[in-house]
Structure formats: C-alpha cells, structure tokens
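Reader: Hello! I'm at the bench with this protein on my screen, and I'd love a close look at one part of it. Could you walk me through the part around one helix and then show me how the rest compares?

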Amino acid sequence: MQELPKTYTPQEVEDKWYQYWELNGFFHGTPDNSKKPYSVVIPPPNITGILTMGHVLNNTLQDVFVRWRRMQGYEACWVPGTDHAGIATQHVVEKALLKEGIQRRGMGREQFVRRVWQWKELYGGAIIKQLRKLGTSCDWERQRFTMDDGLSNAVQEVFVRLYDKGLIYKGKYIVNWCPKDHTALSDDEVNFSESNGHLWYIKYPLEGSAEFVTVATTRPETMLGDTAVAVNPKDERYRHLIGKKVLLPLAHRLIPIIADDFVDASFGTGAVKVTPAHDPNDYQIGERHGLDKLIVMDTSGMMNDQVPNKYRALDRYECRKEVLRDLDKEHLLAKTENHIHSVGHCYRCDTVIEPYLSDQWFVKMKPLAERALRVVLDGQVKFYPDRWTKVYEHWMTNIRDWCISRQLWWGHRVPAWYCVGDDHCTPECKHPIVSGTKPERCPHCGSANFRQDDDVLDTWFSSWLWPFSVFDWPRENADLKYFYPTDTLVTAPDIIFFWVARMIMAGLEFRNEIPFKHVYFTSIIRDMEGRKMSKSLGNSPDPLDVISTYGADALRLTVLYLAPIGQDVLYSNEKCEMGRNFANKIWNAGRFLLMNRDAIDAEAPADISIVSAQDSTDLPDAWILSRFNSVVKDATEYLENFRVNEAVKLLYDFMWHDFCDWYVEFAKNRIAQTSDTRMKRSIINRAIRIYEETLKLLHPFMPFVTEEIWQHLNERKPGESIMKAPWPGFDASQIKPAIEQDMEFLQSAISAIRTIRSEMNLPPSKALDVVINCHDDAKQQVLDSNRPTFERMAKLNSLTIGMNLAKPGFSASSVVQGQEVFVRLIGLIDLDVERSRLEKEISRIEGQLKGVQAKLENPNFSGKAPAEVIQKEKDKQENFRQTIEKLKASLGQLSH
C-alpha cells in the first residue's frame with residue numbers, strides 16, 4: 001500500500017477526488033423505493049454571479065446535510081441550477097453591447113434576447129463550476145436553469161391557472177418604479193434606508209381669499225401633479241375649508257380641499273398635498289374621492305408635457321430645484337426643515353424609486369398566504385432558528401398583492417395576447433387572452449392577428465416554483481413523486497419573503513403539499529469590523545483564492561466553526577489557519593498510525609491475530625470507546641437538530657484533543673513499553689479503528705482530506721469511497737461516564753505537572769520527582785492502576801502516591817480535583833536565579849500593563865479610536881494581568 005505523504009497538499013488531492021466522485025456517479029440520486037429519499041434544491045444563484053463567502057457558507061451547509069444523509073443510507077438528491085436573473089443579466093449584456101457601440105433598443109427585442117442566450121452559454125453559470133472547487137456533491141446530471149424549456153412550461157402553466165382562478169389580474173396601480181432600469185419592482189425588491197432630507201412648507205392660495213393653506217412635503221416636484229389638498233375631518237383648524245378650492249402654485253390649477261381620515265393631523269401642518277399618480281397613499285385617497293390621476297413624469301424620471309413648459313424634460317431632481325426657486329420668488333415657500341425619512345432604492349442599481357401609476361400584472365396574495373402561514377405556525381414547515389417564524393407571520397398577515405410584470409426583454413414573457421385585427425374589432429378585443437400558446441382566432445372578431453404582451457415576469461415568478469419545477473412539473477413522473485416534497489432548504493434570511501414564503505404558497509397551491517420540511521437560515525458573513533461583505537467596500541475575499549491558499553476543507557471547516565446558528569460571522573482569511581492546522585493534525589495522526597502499523601507488520605508473523613478494541617480493559621481504551629460513542633450520539637443529534645456549528649466543534653475537539661493529543665500519545669507510550677508484537681498490533685489496530693470511524697464523522701465537513709486518508713487505511717477496490725461508507729452508529733453500552741471521569745482526573749494530573757514544568761522553565765528532557773497526596777481512595781486507585789502510563793506521559797523519574805503525605809521542601813504544587821500534586825525542584829533549578837528571572841519578568845510586564853492602561857484612560861484614544869482597536873487594547877490589558885498573576889504564583893512557589 002502506498003505510504004501517506006509527509007505533508008498534506010490540498011492542491012494534489014482535491015481535483016483528483018472530485019473527478020473520481022463524479023466519474024463514479026456518487027452524486028446522482030434516482031428513485032429507489034427500498035430507501036428513504038433525501039432531497040435538497042440549491043438556491044439558484046444568478047447566472048451573472050461569482051462565488052462569494054455567503055455562497056461558501058450556504059453551500060457547505062447543504063453539502064454537510066446531503067453527504068451525512070447519503071452516508072446514513074438515504075437516496076440523496078441535491079439539485080443544482082441557476083437563475084436567469086432578469087434585471088441583472090440584462091444589465092450585464094447591455095454593458096457588453098455598449099462596448100461594441102450597440103444600443104439594445106437599436107437591435108430589437110428578438111436579436112437582443114438571442115445575444116443574451118449567447119452570453120449565457122459562454123459566461124453564465126460560472127458560479128456552478130466554482131462550486132465544484134468547494135467540494136459540493138450536487139447531482140450535476142439534474143442541473144436546471146429557470147428559463148430552460150421545462151421550467152418555462154411550468155411558469156406558463158402557473159400563470160394561466162392563476163389567471164383562470166381570478167388570482168392574477170392586470171390593472172393601473174401605483175408601483176415602485178426604477179427610472180434607471182425602466183421597470184416596475186415588487187415591494188420586496190425595494191431597499192429602504194434612512195436619509196437626511198428636508199421638509200418644505202408650501203403655501204397654496206385659497207380661491208377668492210387672501211388666506212393660504214400650507215402643506216409640508218419631501219418631494220416638491222410632484223406638486224405639479226397634485227389634484228387635491230386633504231385634511232382630517234376631525235381637525236378643527238380646517239373644517240371650515242372642506243369643499244373649497246386652492247390654486248395650485250406654479251401650475252395655476254384649481255384643486256379641491258377634501259376630508260379624509262387617513263390624514264395625520266399631527267404631521268407637518270395637518271394639511272397634505274394629494275398626488276394620486278405618484279404616491280401610493282395618495283392613490284388610495286384619490287380612489288376614495290374620485291380624483292384625477294395626473295402623471296407628470298416619464299419612465300426615466302423626466303418631467304413630461306403635463307407640467308408647465310419651463311419644467312418639461314427636466315430630471316426630477318433638477319425640477320425640484322427649479323420648483324423651490326420659483327416658489328421662493330413668489331413668496332410661497334413658507335419654511336424649510338431638516339427631516340430624516342425613509343427612502344426606497346432599487347435593490348439592483350440603488351436608484352431612488354419613484355412611485356408611479358402604471359399598467360401592471362399582479363398576483364392576489366391573501367388567498368395564497370393564509371394556508372402558507374398556517375403550515376409554518378403549526379410546525380409542518382420548521383424554521384431554524386425559530387425566531388424567523390415571528391418575522392414570517394408578521395409579513396404574511398400584512399401581505400400585499402405582488403406586482404409580477406417587469407418592463408424588460410430578458411425573462412419569461414407574460415403569456416397574454418391582444419387582438420390586433422382589422423376594422424371588425426370590438427371593444428372586447430382589448431381584453432387580454434391568457435394562454436400558454438398563441439391563440440388561433442380572436443373569440444370576439446375572429447382575427448388571427450395577435451400581439452403578445454411586451455412585459456416579462458418577475459424573476460421570482462419562476463424561482464417560486466423551483467422545488468417542483470426542477471422535477472419536470474407539471475408532468476407527473478417518478479422523480480417528482482419520489483423526491484417531492486424536498487427535505488431541507490438552506491437559504492439567507494434576507495429572501496424569506498422574496499423566495500421562501502412564495503415557495504410555500506406555490507407548493508401548497510400547485511402540489512397541495514409543502515415544498516420542504518425544514519428551512520435553515522444562514523448567518524451573515526461580515527468582516528472583522530462587523531461590516532457586511534460587499535464588492536463596493538472591497539472587503540469580500542475571493543473564495544477561490546482562499547481555497548488555493550488554504551484548501552477547500554480548511555475554508556469549509558472554518559466558516560462552519562465560526563457560524564453558530566442565527567448569529568453573524570466575523571471572518572478574515574487568517575482564520576482559515578485554524579482549518580488548515582486541523583487538516584494537518586488529522587493528516588499527521590494518520591501518518592503516525594500507518595507508519596507504526598507498517599513497522600509492526602514488518603516484524604510480526606503474517607498470521608498473527610489482532611485483538612479488537614472491545615477486548616481491552618485498559619483505561620485509555622475504555623475511555624476512547626466511551627468518548628467516541630458519546631461523540632457519535634451527540635454529533636448525530638446535533639445534525640438532526642440543525643446545530644451544525646456545535647457538531648463541528650464537538651468533532652474538532654474530539655479529534656484534536658481526545659484522540660490526537662491524548663489517545664495517540666497513550667498508544668505511543670504503550671507501544672514503547674512492550675516488546676510483545678501481538679500487543680503492539682492490537683494497540684495500533686484499536687487506534688486505527690477509532691481513527692477511521694472518526695474520519696467518517698468528519699467526512700461531510702471535510703470531504704477531501706478524509707477521502708485521501710481513508711483510501712490509504714486499507715486496500716480499496718475501484719469505486720469504493722468514504723462518502724459511500726455508512727455513518728457510524730453508537731453503542732450506548734460503551735458510554736461509561738465513570739470511566740470518562742477517571743480519565744479526566746488522570747489527564748488533569750498529567751496536565752498539572754506539565755504546567756508546572758512550563759511555568760518553572762524546566763526542560764522537557766529532565767525527569768521529575770513527583771509526590772501526590774490523595775484525599776480520595778478512588779482517585780488513588782486510578783493513579784495506582786495507571787502508574788506506568790502516568791509516569792511516561794508526565795516524564796517522571798519517581799512517583800510517590802499515598803495519603804497523609806507531607807509537602808516536600810522546595811517544591812511546586814497544584815491541586816487536581818482535591819488531590820495535592822507536588823513537583824520537587826531541588827537540583828532542577830537555581831532558586832535564586834529563577835526568583836530573579838521571575839521578578840524581572842513581572843516588572844517588565846507590569847510596565848507594559850501601565851502603558852496599556854494609560855492609553856485606555858486617555859480620552860483622545862478611547863473617544864476617537866475604532867471599537868475594534870480599543871478592544872484589542874483591552875484584550876492586551878487582560879492578557880498582561882493574567883500573565884502577572886501566573887508569574888507571581890510561580891514566584892510564590894519558590895518561597896516554600
């Protein structure tokens with residue numbers, strides 16, 4: 001068998017094993033009624049996307065669940081794919097065309113869409129290729145795209161069904177309009193943020209009077225579209241004015257003063273301007289009072305021909321300046337106040353949204369939301385962490401209709417048709433005909449000429465069908481029957497409304513089943529200053545660079561270790577040292593075990609029998625078996641309850657500390673103590689058996705290094721893999737708390753002696769004389785029973801164990817679980833020299849402590865330095881204090 005190389009080199013391992021897994025079809029799932037299914041659908045990344053740290057965490061979590069369930073014997077299926085990302089993709093292609101000197105509108109819709117498809121084939125989906133570098137075990141044979149034929153058919157089917165059911169309608173309503181992208185946005189696609197603006201108070205002259213009605217507004221340019229002024233009917237200040245008219249400044253139109261309960265009498269002056277075509281609340285007021293809806297801007301945010309000549313063709317913000325200047329000239333600008341208010345921005349390009357009256361398609365959400373809320377509240381769909389249930393409930397109970405049309409060219413075109421027949425057309429011909437295919441004849445006039453609706457559907461209208469459309473719904477088939485509903489969804493909490501809620505609605509509406517049973521909301525990855533990682537801040541590392549430097553397993557383990565469920569992650573590349581060091585620790589342990597096995601095999605007869613791990617009654621063997629079975633039990637329970645971070649830490653501690661630091665060292669010493677080859681082989685065999693089973697536990701988290709080592713442990717047949725090995729089970733009878741307590745005492749006593757050696761600056765080569773004064777018979781029995789192992793592990797020259805033993809002169813001491821441990825110092829160190837050294841070291845560190853304290857007490861530092869810099873100084877302060885305490889304790893030891 002080939003020897004395990006001296007060092008672990010991820011670059012030589014990762015591509016090799018990923019190709020092996022793919023070639024052998026290990027990722028592919030097929031319906032198998034002899035197994036339970038476990039299915040996951042990837043949150044489809046945009047075809048314009050590249051791998052980010054958020055993707056690393058999300059997809060590593062999915063891979064952990066899928067690999068774990070596969071090892072448990074489930075028929076696992078993880079469906080990958082990409083989203084066509086309407087606005088984002090259209091942006092990217094338009095920019096590419098502009099570099100060629102080509103305007104989108106100049107080339108026409110059909111040719112532009114053809115160019116987008118060409119771009120998609122060349123560059124789209126790069127992120128999917130990058131995910132392979134992370135080790136994701138997706139079923140690549142099932143890769144889907146939200147605009148492939150099957151999913152497009154599903155989109156059309158759903159639109160037609162909902163329209164026929166009366167749940168999709170078209171109407172002229174106020175929508176969130178992006179003037180840059182020239183498209184409507186749903187409420188969920190608008191990002192609101194606090195903005196430092198102004199509140200302008202404008203005087204509207206009362207008709208036939210010298211009086212004014214003063215209104216306050218944050219958007220004075222929209223006053224040109226006012227069709228009323230509204231007051232609260234209970235507001236005594238204005239009751240006498242209700243029904244009268246004011247002259248709209250600058251536009252010189254008379255508009256009525258109306259009463260409406262919506263008006264907040266405490267805001268501004270208590271009188272508000274009403275612009276039904278440019279404000280959602282004003283639109284509702286306009287509907288109640290039958291007001292005109294005057295659109296004063298075009299789709300680019302430029303003032304149109306409905307405004308006075310001087311403002312036409314001005315950008316909305318240029319118009320604002322001109323309006324304010326003219327109001328001031330006419331002495332109609334009463335005052336200006338600073339005002340903080342919430343401003344909506346396009347989630348794609350960050351342009352300020354303009355509320356805009358427009359013809360759009362909508363989905364009625366209330367009928368769909370009721371059942372979708374119920375299945376979450378009654379636990380059919382469970383959220384992790386559970387606090388997101390309340391957020392979901394609040395949104396679902398206040399849900400508004402979903403604007404699904406977008407004024408783009410790239411995307412699923414609305415399957416609605418309009419008759420463009422001849423003179424025989426009737427008024428009914430203006431109504432859309434909703435159909436997945438072009439109608440043959442107009443049912444009203446008989447014409448065969450039709451125009452399809454120009455709009456495309458919101459990207460989320462295809463991705464809300466993702467859990468079942470990827471299995472070729474609406475066609476009933478074996479995959480759909482076996483793998484739907486899916487099991488686990490791992491996603492970011494910021495799309496709980498965009499995607500999660502809508503998928504639940506769609507699953508219930510079109511399959512009469514929930515789409516998934518569990519939703520795991522990932523952490524947000526931030527930099528060390530607590531800022532969310534983004535390209536604009538330049539604080540988002542390229543995961544492929546991190547993988548190249550540290551290895552995929554190191555990155556995977558690190559992000560999982562840093563990410564408790566529901567808490568944000570503070571990440572820096574340097575933290576991946578932990579993951580890399582752990583991979584090296586696992587590797588070095590394997591190399592030691594295999595080298596010892598080979599050496600023992602070389603000196604042993606070929607037919608020598610091997611004693612199993614359970615046959616040993618030695619404390620270290622019984623202890624490691626108990627610990628291992630406890631770890632299997634707890635790790636499995638953690639994964640079942642989506643406590644991935646706790647599972648990672650548990651396995652990390654077991655492999656690093658219990659197995660490598662202690663059990664391997666015990667094995668090494670015991671091998672050195674015996675010349676019995678049979679016993680040596682039994683010791684190494686026990687260690688390798690536990691090691692191999694622990695590799696299986698670690699495999700879902702660190703697939704590459706575990707596969708490489710596992711393949712070296714024994715001769716493997718072609719097509720064998722650790723990922724196909726069974727997940728370890730636990731034997732409750734092997735879990736023995738009393739054994740673990742005995743070993744914990746033994747370890748603590750050894751560690752106490754090692755600490756004294758370190759603090760007293762005693763060289764590792766010097767064997768120590770130790771006296772242990774016991775106050776507990778059971779503790780003494782543990783020490784007596786394991787004397788040889790204890791002496792070798794603590795590197796002792798002599799060991800005296802008993803009760804009522806006096807403390808030797810000039811010795812260092814420690815108390816371990818009530819038992820006194822004394823290390824003789826005579827002859828090992830020059831007491832005067834050591835005292836002097838410790839006193840000088842204490843003085844030096846006290847000086848450093850004073851410097852840190854002075855800095856922290858300086859208001860110029862504490863009041864101006866960044867929080868993370870201040871925290872570093874506080875950490876230094878605490879470290880210096882602890883070090884001084886330890887040094888003083890060591891100095892005190894030398895006084896006795």
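Author: Happy to help; here is a tour that begins at helix α24 and then visits other parts of the chain. Please keep in mind that this is a predicted model.

Let's begin with α24, which covers residues 777–785. Which of its residues are buried? They are Gln780, Val782 and Leu783. Looking down the axis of α24, you would find these buried residues within an arc of 155°, so they line one face of the helix. What do they pack against? Their partners are two helices that come earlier in the numbering, α19 (619–640) and α23 (737–759), together with α25 (787–794) and the strands β26 (768–774) and β27 (796–803). The start of α24 has a contact of its own: a side-chain oxygen of aspartate 776 comes within 2.7 Å of the backbone nitrogen of alanine 778.

One of those partners, β26, leads us into a set of paired strands. β26 pairs with strand β29 (residues 819–824) in the antiparallel sense, over four bridges. In this pairing, valine 770 sits opposite valine 823 of β29. β29 also pairs with strand β28 (residues 811–816), again antiparallel, over six bridges, and here serine 814 faces valine 821 of β29. β28 and β29 make a hairpin with two residues between them, and glutamine 817 in the turn has a positive phi of about 50°. As a general point, strands of a sheet pair through backbone hydrogen bonds, either parallel or antiparallel.

For another helix with a capped start, look at α16 (residues 543–550), whose buried residues are Pro543, Val546, Ile547 and Tyr550. Those residues cover an arc of only 100° around the axis, which puts them on the same side of α16. At the N-terminal end, aspartate 542 acts as the cap, with a side-chain oxygen 2.9 Å from the backbone nitrogen of leucine 544. After α16 comes glycine 551, with a positive phi near 100°.

Helix α15 (residues 496–510) is mostly covered, with 13 of its 15 residues buried. From first C-alpha to last, α15 reaches 20 Å, close to the 21 Å expected at 1.5 Å a residue. Just after α15, asparagine 512 has a positive phi of about 60°.

Next, the nonpolar interior. The largest nonpolar core has 212 residues, and Phe461, Trp464, Met505 and Phe659 have the most contacts inside it. Helix α20 (residues 644–673) gives the most to this core, with 17 residues. Which residues does phenylalanine 659 touch, leaving aside its neighbours within four places in sequence? They are Leu593, Ile624, Phe654, Val664, Ala687, Ile690 and Tyr691. Another core, of 38 residues, lies apart from the largest one; among its members are Tyr169, Ile202, Ile255 and Tyr311.

Finally, there is an open sheet of three strands in the order β19-β18-β20, with antiparallel pairing. Its edge strands are β19 (433–434) and β20 (450–452), each of which pairs on one side only. Strand β18 (residues 416–419) is joined to β19 by two bridges, and alanine 416 stands opposite valine 434 in β19.

Technical notes:
Residues numbered from 1 in each chain as written. Predicted model: local features only at pLDDT ≥ 70, side-chain atom pairs only at ≥ 80, totals over all residues. Heavy atoms only, no water. Buried < 20%, exposed > 50% of the residue type's maximum accessible area, 1.4 Å probe, protein only. Arc of directions from axis to C-beta. Contact = heavy atoms within 4.5 Å. Polar contact = N/O pair within 3.5 Å; in protein donor to acceptor, adjacent residues only side chain to side chain. Expected span 1.5 Å × (residues − 1). Pairing = 2+ DSSP bridges. Core = buried A, V, L, I, M, F, W, Y, C linked by side-chain atoms within 4.5 Å.
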